[in-house]
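Here's a quick tour of a two-chain model, written for someone who likes to check the geometry for themselves. Have the viewer open as you read.

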Amino acid sequence: MQIILFYTFAALTLIGAIGVVASSNIVRAAVQLLVALLGVAGLYFLLGAEFLAAAQLVIYVGGTLVLIIFGVMLTARASLKLLQPTRTERALAILSTAILLASLITAIVTTRFAQIEPVAHNAYLVRSIGQALLGDYLLPFELASVLLLAVMIGAAYLAKKRAPISREATR
Amino acid sequence: MIGLTHYLILAAIVFACGLLTVLTKRHAIGILMGVELMLNAANINLVAFNFYTTGEKLDGQIFALFVIVLAAAEAAVALAIFFNFYNNFGSVDVDRASELKG
């Protein structure tokens, strides 16, 4: 059962990831990214991280992806056909990625990881995560809140409409 | 039996897809999607190591949670910059961003 589920979610993730690379239409790429993110959420469920899977669904699929699709719609007037890489660029990119992938897989296959038997299902997962966030990880947790505030103000300021900068400066 | 290696190889392939997206797409938002894929690949690694090597501890999951938060913040700022760029240049082709080129 676990094996079937793993291969299902892995296939979902890979289909999405390859779709993002292969599609030249940016809206299609966004939909493929949705498929990949759903597959990753399923993998989190298999790895005993239910809270993280839910967070992935809520934050990534419900938040970040919607934001990206809004971005696609708001900049849709730009012609999509011109945005293709040249053949040389594509060949170089594929070559360097293939080298990276080959070396990564070689490293993974040849390394012996000190594995232990996975522990049984943690019934108090959310409680443990909450205690860790407000205990050992209190400083990064608070820093994340400051960061989110800064991001909110910064994004609102950056996205504000104003006259093009170059003409303002010459006056 | 599914082991740690399966997850690591899957994450490596997803990371390669993300890198290829970043390298080949010229649409700024497409590049952002590639970055999201790479972050997800890193997250799969973190959670898989947490499941298979640390036992009761949850460090990997907490790390992955922070990565998700940072990815959301990064996407928001990146999109704000792209809107600004689009207002100034009327395009989202990253090769047009050459104002500072000497």
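## Confidence

Chain B has a mean pLDDT of 89, and 100% of its residues reach 70 or more. Among the elements of chain B, H1(B) has the highest mean at 93, while H3(B) has the lowest at 90. This is a predicted model, and its overall scores are ipTM 0.90 and pTM 0.89.

Chain A comes in with a mean pLDDT of 86, and 89% of its residues reach 70 or more. Helix H6 (residues 138–158) of chain A has the highest confidence in that chain, at 93. At the other end of the scale sits helix H7 (residues 165–170) of chain A, with a mean of 51. For residues 167–171 of chain A the pLDDT is below 50, and that stretch has one contact in the model beyond near neighbours in sequence.

## Chain A on its own

What is chain A built from? It has seven helices and zero strands, so to speak an α-α-α-α-α-α-α pattern when you read along the sequence. The chain runs to 171 residues, of which 20% count as buried. Take the contacts in chain A with a separation of 6 or more: 52% of them come from residues 24 or more positions apart.

For a spot check, try A:Val58, which is in helix H3 (residues 50–74) of chain A. Is A:Val58 buried or exposed? It is exposed, because 12 other C-beta atoms lie within 10 Å, and a residue counts as exposed at 12 or fewer. Measure out to A:Leu92 if you like: A:Val58 and A:Leu92 are 34 residues apart in sequence and 37 Å apart in space, C-alpha to C-alpha.

## Where the chains meet

Across the interface, 60 residues of chain B are in contact with 72 residues of chain A. On the chain B side, the elements giving two or more residues are helix H1 (4–24), helix H2 (28–53) and helix H3 (59–89) of chain B. Which of them gives the largest share? That would be H3(B), with 22 residues. By class, the side of chain B that touches chain A splits into 42 nonpolar, 14 polar and four charged residues.

## H1 against H1

One helix pair across the interface is helix H1 (residues 2–22) of chain A with H1(B): their axes come within 8 Å and cross at roughly 15°. Angles under 35 degrees count as roughly parallel, so H1(A) is roughly parallel to H1(B). The crossing is left-handed.

From H1(A), the residues involved include A:Phe6, A:Ala10, A:Leu14 and A:Ile18. Among those they meet in H1(B) are B:His6, B:Leu10, B:Val14 and B:Cys17. The residues of this contact divide into twelve nonpolar, three polar and no charged.

## H2 against H3 in chain B

Within chain B, H2(B) and H3(B) pack at an angle of about 175°, with their axes 9 Å apart. How are the two oriented? Since anything over 145 degrees counts as roughly antiparallel, H2(B) is roughly antiparallel to H3(B).

H2(B) brings residues including B:Leu32, B:Glu36, B:Leu39 and B:Leu46 to the contact, and H3(B) brings, among others, B:Asp59, B:Phe63, B:Val67 and B:Phe82. By class, this contact has 16 nonpolar, four polar and two charged residues.

Notes:
Residues numbered from 1 in each chain as written. Chains lettered and ligands numbered in written order. Predicted model: local features only at pLDDT ≥ 70, side-chain atom pairs only at ≥ 80, totals over all residues. Contact = placed C-beta atoms within 7 Å. Helix = DSSP H or I, 4+ residues; strand = E, 2+ residues; numbered from the N terminus. Nonpolar A, V, L, I, M, F, W, Y, C, P; charged D, E, K, R; others polar. Axes fitted to C-alpha atoms, helices over the stretch in contact; angles between N-to-C directions. Parallel < 35°, antiparallel > 145°, perpendicular 65-115°, else oblique. Left-handed = near helix turned anticlockwise from the far one by under 90°. pLDDT = per-residue confidence, 0-100.
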